[in-house]
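User: Please take a close look at the largest nonpolar core of this model. Which residues have the most contacts inside it, and which elements give two or more residues to it?

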Amino acid sequence: MINSIAPKIFNNRFEPHQPEAGDKVLAYTNGKILIGFGNDGSVVLPRVKQPSDSLRYLFSIDDTRYFLWDTDFPYEEKGFDYVSHFVLRTMKPQDDCFAGMVGYQLYNWYRNHRYCGKCASQMTDSLKERALVCPECGLTVYPTISPAIVVAVTRGDEILLTRYAGREYQGYAVNAGFMEIGETDEDTIRREVMEEVGIRVKDIRYYGSLPWGFDSGILIGYFAKAEDGEEVKADHNELSEAKWFKRDELKEIKDPVFLGAEMMELFRTGNDPYSKESSCAR
Ligand SMILES: [Zn+2]
């Protein structure tokens, strides 16, 4: 998945670094990121040529430092073009694509919080942490992280997959939805699954999580079992289809990019928590 950069280490500690020639530049505009392509088709990020006040230090991966081009004038460099940030989901190298995603989240956050939401004064950078502070009323805001739940609902040897209506991606996926205020993860799972497919679930098991900066988010993955005797009633405002698939009807997903796809692949290969438990019990 996009955050699989090991053995490299992501360091998001807030540090007041100044740009130097050779540091990498993350520049965005209207949902696009400035990149070039190497001879092997891999992503190439521009590098700082001349230090500028418009470059803001974000984070580093090992010894590589990433700076955000943080002004309304687009950063331009010969051989580099602004392309949809979608390319970051599937391209290599993984560390620059991951940096491009996290940078995109911070880019949106800085742009969307230029003024104080309480008194409308211009916000300033905190000097001690990654935060914006209002010099008039003292309001402090931190980077927005919106959690969403991904839940693979199973029933014995079957998994429930859905297709969303009116979206570009037309493949089958597991259920997913943003958390709402006042909910636990489990509350969101029960509500989302009931809203989307009309069934109750039990025996909820945590699987793992994936930072997903494209939607300012974090995806949190769970497996859940359908209650006995539940009938699928798809919400056709949101879904075009919802149906049970047998394990052997699933196609192999190589190098899954999405958390839900990785969970589908675990189910297909009998490595989901319920299948593993039942094989241990035998
Ligand atoms: Zn204020």
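Analyst:

**The largest nonpolar core**

In this predicted model, the largest nonpolar core comprises 31 residues, and V151 and A152 are the ones with the most contacts inside it. Two or more residues each are given to this core by the strands β12 (146-155), β13 (158-164), β15 (201-212) and β16 (217-226), and by the helices α2 (185-197) and α3 (259-268). Leaving aside residues up to four places away in sequence, V151 touches V174, N175, I189, E192, V193, Y222 and A224. A second core, separate from this one, has 28 residues, with I33, L45, F59 and L88 among them.

To place the core along the chain, the domain assignment can be consulted: it gives domain 1 as 10-112, domain 2 as 113-143 and domain 3 as 146-281. The centres of domain 1 and domain 3, taken over C-alpha atoms, are separated by 32 Å, and the contact between these domains takes 8 residues from domain 1 and 5 residues from domain 3. On the side of domain 1 that touches domain 3, the residues divide into 3 nonpolar, 4 polar and 1 charged.

For the surroundings, there is also an open sheet of 4 strands, with mixed pairing and the order β1-β6-β7-β2. Its edge strands are β1 (10-11) and β2 (24-26), each of which pairs on one side only. The pairing of β2 with β7 (residues 64-69) is parallel and runs over 3 bridges, and K24 stands opposite Y66 in β7.

Notes:
Residues are numbered from 1 along each chain as its sequence is written. This is a predicted model: local features need pLDDT of at least 70, side-chain atom pairs count only at pLDDT 80 or more; totals for chains, interfaces and linings use all residues. A nonpolar core is a set of buried Ala, Val, Leu, Ile, Met, Phe, Trp, Tyr and Cys residues joined through C-beta atoms within 7 Å. A residue is buried if 20 or more other C-beta atoms lie within 10 Å of its own, exposed if 12 or fewer, and partly exposed in between; C-beta atoms are placed from the backbone. Two residues are in contact if their C-beta atoms, placed from the backbone, lie within 7 Å. Two strands pair if DSSP finds at least two bridges between them. Domain bounds come from an automatic or database domain assignment. Ala, Val, Leu, Ile, Met, Phe, Trp, Tyr, Cys and Pro count as nonpolar, Asp, Glu, Lys and Arg as charged, and the others, Gly among them, as polar.
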